[in-house]
Structures are given as structure tokens and as C-alpha cells.
Amino acid sequence: MKKLTIIGYPVSHSFSPVMHNFISQSIGAPYSYDITEVAPEKLGEAVEKLKAEGIAGFNVTAPHKIEIMKYLDGISKQAQRYGAVNTVVNKDGKLFGYNTDADGFYMSLMHKGINPVMAHILVLGAGGAAQPVVLNLAEKGAASLTVLNRTKEKAEALASYAAECTGFEVKTEMDREHYDIVINCTTLGMGKNKGMSPMYDLSVIDKNSAVVDMIYNPEKTVLLQEAEKLGARVANGLGMLVFQGILAYRLFTGIDIPDSMAEDVLKEVFGK
Ligand code: NAP
């Protein structure tokens, strides 16, 4: 049995083990996936230990997605550009980092029939999850991208970085009466911020909008509930979680599981 794991702090809440173990069992692949809680100050030590144990690969979640890059032997160009790694593969004793979050997010949009190509997109938040998604949507051909953030300097820094990497001009102020897609990349709506919404002015959302929340617990944030009342299509972050996992599984194992595996995971693991 080859070993896979996820490192994070805290990480006990992660759905990744149940999802990856389901995929391995359903295709009969010899992999088992568990959880490794790693405190920030122990990251280097933990990576050395996983390497020494011959781990086949591991996912990386908060707060290690940036810091992990120091400890790797190679990093894909895409992950370098996104500035974060969520998937590490052991190739003959050397560790290589990838980022499957943004492509997973894009696949989850397409799966829901939400096409970001030529769409006017409003992104709420400018943290670690927003950056890869904004760069990816710029590359995929959004018509316009606007990033709003509590700390405006961070939205401006993200806009400059996107311009440098992709040549796309990201705005930091709303300048439209309607947005085709609104994406919540803030933590407003979950954990201690449960019941809070990142948007107080919903006038830019209507029945022709799609509103996507990266949060999947709760299943329907206040933002999604309000958007639904306005007739918008809504989607939570479960699709992103599943599709980034499908892409990571392919990297870990070299097994080309089909995209349709996402349907099986959503149904059998999450009852959706
Ligand atoms: P992060 O780097 O900590 O960024 C947090 C963002 O939320 C920042 O833009 C921050 O604004 C904003 N924010 C936090 N508290 C706020 C408040 N009280 N009022 C207004 N804005 C506030 O976190 P992240 O890694 O980007 O994650 C963002 C969200 O995406 C989380 O909910 C996470 O669970 C989710 N996520 C989901 C998936 C998935 O697979 N579905 C994957 C990754 C992340 P400031 O810059 O002003 O602090």
C-alpha cells in the first residue's frame, strides 16, 4: 500500500482522506490516505519525515500553502505563478509541488454550467484562495474581473500582480450595474463568521447572475441564500474541493481517472 496524506493545522476537519480513499477503493488502486497535523514551526521537520518514510504524495492546506515551497525540490510554473502549492508528489525521493486549486475551481464552474469565458466577474476577497482563481480566470478569458477586499491595498497588489503575470487589467472598484458571476473568496459566512455576508449591496446580482461561494460548510451561506432569493444560480465550494482532489489524485498516482469520478465522489461521499 502506498501512502498519501494531507498536512495542515488544524486539519482534522478535512474531507480529503474520505474522498481519496473512496477513489482508490473504487478503482482498486493501492493507496491509503490519512491526516498529518503539522504545526507551523514543525513544517520542515515534518516534510523531512514524510520524505524519509517514502510518502507517495501529500496535499497541503492552511497555513502551509506558501511556506511549503521552501522545502520542495521543484515547483510547477503554474504553482510558482500562483504563489502557492496544494499538492506535493514524491518522484524518486524528490518532492515536486503543484497547485490544483484554480483549475479545480474552474472545472467546478463548468460542471455547474457556469461559463466564466467572456463573463463579467466580481471577486470578493484577495487572500490566498483568491489569487490563483483571479489569475486563472484572467488566463481563461473573462471579459472583466473586479476584486473587492476589506484591505484595499491587498486587492490593488493582486491587480498589479495579475497585470504583471497575465497582462489583464483587474479592477478594484465596481463599475457595472450587473455582474455575470460573483465569487466569494473571503471567510465571511463560515466558522466564527457564520451568518455574515461579504456583500451588503446586492443590486449587481439578478436572475442572470451566478453566485459562487468557496465556502462549503455551511452548505448555503447567507450570501448564497440571499442570491437565491434574487433568482441567481448558486453554487458552494464543494465542487472546487472535489475537482482539485481529482486533479491531485492524477498527479499522485499517474492514473488518469475521468472527470466523471467527481460525480461519484459527490454522490457516494457527500450524498449530493
Ligand atoms: P485568507 O488568505 O485568510 O483570506 C481571507 C480573505 O477574507 C481576505 O480577503 C480577508 O480580507 C477576508 N476577510 C476575512 N475576515 C473578514 C472580515 N471580517 N470582513 C471582511 N473581509 C474579511 O483565506 P483563503 O485561504 O483565501 O480562504 C478564503 C476562503 O476560501 C475560506 O473560506 C476557505 O475556506 C475557502 N476555500 C475553499 C476551498 C475549497 O476547496 N472550496 C479552497 C480554498 C479556500 P483582508 O485581506 O482584509 O484580511
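Which residue of E6 stands opposite Val88? In this predicted model, the residue facing Val88 is Gly97 in E6. That pairing belongs to a set of 5 bridges that join E5 to strand E6, and the two strands run antiparallel. This briefing covers strand E5 and its partners, some single residues around E5, strand E10, and the ligand.

**Strand E5 and its partners**

- Strand E5 is made up of residues 87-91, and 4 of its 5 residues are buried, so the strand is largely enclosed by the rest of the structure.
- One partner of E5 is strand E3, which spans residues 57-60. E3 and E5 pair in the antiparallel sense over 3 bridges.
- Within this pairing, Val89 in E5 has Gly57 opposite it.
- Another partner of E5 is strand E6, which covers residues 94-98.
- E5 and E6 form a hairpin with 2 residues between the strands. Asp92 in this hairpin takes a positive phi near 50°.

**Asn90, within E5**

- Asn90 lies in strand E5.
- Is Asn90 buried or exposed? Its relative accessible area is 18%, and the limit for buried is under 20%, so Asn90 counts as buried.
- A polar atom of the Asn90 side chain lies 2.8 Å from the backbone oxygen of Ile55.
- Ile55 is also one of the residues that Asn90 touches when residues up to four places away in sequence are not counted. The others are Lys51, Gly54, Ala56, Gly57 and Leu95.
- Gly57 therefore appears twice here: Asn90 touches Gly57, and Gly57 stands opposite Val89 in E5.

**Asn86, before E5**

- Asn86 lies in the loop between helix H3 (77-82) and E5.
- With a relative accessible area of 2%, Asn86 is buried.
- The side chains of Asn86 and Asp101 make a polar contact at 3.1 Å.
- Leaving aside neighbours within four places in sequence, Asn86 is in contact with a number of residues, including Phe58, Asn59 and Val60. Also among them are Lys65, Tyr98, Asn99, Thr100 and Gln244.

**Gly93, after E5**

- Gly93 lies in the loop between E5 and E6.
- Gly93 has 39% relative accessibility and counts as partly exposed.
- Apart from neighbours within four places in sequence, Gly93 is in contact with Lys51 and Asp73.
- Lys51 is also touched by Asn90.
- Gly93 and Ile7 are 86 residues apart along the chain, and their C-alpha atoms are separated by 18 Å.

**Gln80, in helix H3**

- Gln80 lies in helix H3.
- Its relative accessible area is 47%, and Gln80 is partly exposed.
- Not counting residues up to four places away in sequence, Gln80 touches Met69, Ile75 and Tyr161.
- Gln80 and Tyr98 are 18 residues apart in sequence, and from C-alpha to C-alpha they are 8.4 Å apart in space.

**Strand E10 and its partners**

- Which way do the residues of strand E10 (residues 210-213) point? Ala210 and Val212 point one way, Val211 and Asp213 point the other way, and all are buried.
- E10 pairs with strand E9 (residues 181-184) in the parallel sense over 4 bridges. In this pairing, Asp213 in E10 has Asn184 opposite it.
- E10 is also joined to strand E11 (residues 233-235) by 3 bridges, and these two strands run parallel. Here Val211 stands opposite Val234 in E11.

**The ligand and its surroundings**

- There are 20 residues around the ligand, and Gly128, Ala129, Asn149, Arg150 and Thr151 come nearest.
- By class, this shell has 10 nonpolar, 8 polar and 2 charged residues.
- A polar side-chain atom of Thr151 is 2.4 Å from an oxygen atom of the ligand.
- For Ala129, a backbone N or O atom lies 2.7 Å from an oxygen atom of the ligand.
- For Thr186, a polar backbone atom is 3.4 Å from an oxygen atom of the ligand.
- How much of the ligand does the protein bury? Taken alone the ligand exposes 920 Å², and the protein buries 74% of that.

Conventions
Residues numbered from 1 in each chain as written. Predicted model: local features only at pLDDT ≥ 70, side-chain atom pairs only at ≥ 80, totals over all residues. Heavy atoms only, no water. Buried < 20%, exposed > 50% of the residue type's maximum accessible area, 1.4 Å probe, protein only. Pairing = 2+ DSSP bridges. Near = heavy atom within 4 Å. Polar contact = N/O pair within 3.5 Å; in protein donor to acceptor, adjacent residues only side chain to side chain. Areas by Shrake-Rupley, 256 points an atom, 1.4 Å probe, with all protein chains shown as cover. Nonpolar A, V, L, I, M, F, W, Y, C, P; charged D, E, K, R; others polar. Contact = heavy atoms within 4.5 Å.
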